[in-house]
Amino acid sequence: MTMRMAFLFAAILATTPALAADIELLGIGTLPGTASDRSGLTGNASDGTPKNRLGGMGSAIDSTGRGHEYLLASDRGPKDGAVDFACRIHRMAIRVTPGAAKPVELELLSTTLLSDESGSLFTGALADPQRRLDPEGIRMGKSGTVFMSDEYGPVVAEFDANGRLLRRFSVPERFLIAKAGRTPAEEMPPTTKSGRQPNRGMEGLAITPDGKSLVGIMQSPLIQDGGLGKDNARVGLHCRILRIEIASGKTSEFVYPLDAPSHGVSEILAVSQTEFIVLERDSLGGL
C-alpha cells in the first residue's frame, strides 16, 4: 500500500510562486501508507491505528527555508475525527531531480506533536471540543515559529519549534461555529445557523512576503452567507478570506468566489503583499 504525495504541487508553488502558471508534473514520490512517523508514540489509538502511523500527512506544506526541508501538517487522523489521534507536524526532505530514474525522493526527518500551553496534546477527535484540532494550513514565521489554521474553530494559532501553543489569534465570531457538536450532523442547520460548515473551516493559510500578515481562507462559504440550501446541500459560492496582522491581531476580510458550489478551497499562497494563488478543487478523482 502506498500513499501518493499530492502535496508536491503545493511544494513547487511554495518555492516558485512567480512560475505558478508554468507548473508541470516532474514526478511523484510515495511512502508506504502503513509507515511509522518519528513521534516516538507507542500503542494504538481508539480504533486500533498505531499512534505513530505516518498517515494523512500533507494537509498543508511550507518550505522551512533550509535547503530541501519542508514542514507538513498532518490531518486530524483516521475516520474524520472519530479517533483520538494526536495532532502533529512533520519535517521532511523532498529532493527533486528532473529526468532522474526516481525524480522525487522523500525522507522523513522528524515529527513534532502539537500541545497547548500546559503541554497537553491536541487530538483530532471531534467529540472532544476542548482538545480537538484539525490542522489544515501551515506557514513558517520569520522568527522560526509555526503558524497554523484549523477547521474546527476555525482557529489561527502560533506554535513554537517544539509544537507548544504560544497564542491564538482572535477570529471574528461570525466565522466560528455557533454551536459545536460531537458529530458533523450536530453542527448543521437547523441546529446551527451561523459560522463555518462542518469540516469546511479555514482550509488554507498564507503568510505575506514581509512576514507581517497571515491570510486564511475558508474552504466553503459560511452558513449565514448562503452556504447551504435545501436539505443542507452546498449552494454558496462566496468564501471569506481573513487577513490578520501578526503584531497587533487586527483583522480585515475579503471574498473569494468559487467556480461552482460543489468546489472547495484547498490552499492559498502569497505571491506578493496583495496577490495570492488559490488552489480550488472539484473533488473529482484523477491526476
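**Cysteines and two open sheets**

Reader: How many disulfides does a search of the whole structure find?

Author: Happy to start there, and keep in mind that this is a predicted model. To count, two cysteine sulfur atoms would have to lie within 2.5 Å of each other. With that cut-off, the number of disulfides found across the whole structure is zero.

Reader: Is Cys239 buried or exposed?

Author: Good one to try yourself! A residue is called buried when its relative accessible area is under 20%. Cys87, at 1%, falls below that limit and so counts as buried. For Cys239 the relative accessible area is 0%, so this residue is also buried.

Reader: Which strands stand at the edges of the open sheet S7-S8-S9-S10?

Author: Follow the order of this four-stranded sheet, whose pairing is antiparallel. An edge strand here has a single partner strand, so one of its sides is left without a neighbour in the sheet. From one strand to the next, the twist averages 25 degrees. The strands at the edges are S7 (135-140) and S10 (165-169).

Reader: Which residue in S10 does Glu158 stand opposite?

Author: Look at strand S9, which covers residues 155-159. S9 and S10 run antiparallel and are joined by four bridges. Across from Glu158, in S10, you will find Arg167.

Reader: In the sheet S3-S4-S5-S6, what is the bridge partner of Leu71 in S5?

Author: This is another open, antiparallel sheet of four strands, with S3 (57-63) and S6 (104-113) at its edges. Strand S4 (residues 69-74) is joined to strand S5 (residues 88-96) by five bridges. In S5, Leu71 has as its bridge partner Arg91.

Technical notes:
Residues numbered from 1 in each chain as written. Predicted model: local features only at pLDDT ≥ 70, side-chain atom pairs only at ≥ 80, totals over all residues. Heavy atoms only, no water. Pairing = 2+ DSSP bridges. Helix = DSSP H or I, 4+ residues; strand = E, 2+ residues; numbered from the N terminus. Axes fitted to C-alpha atoms, helices over the stretch in contact; angles between N-to-C directions. Buried < 20%, exposed > 50% of the residue type's maximum accessible area, 1.4 Å probe, protein only.
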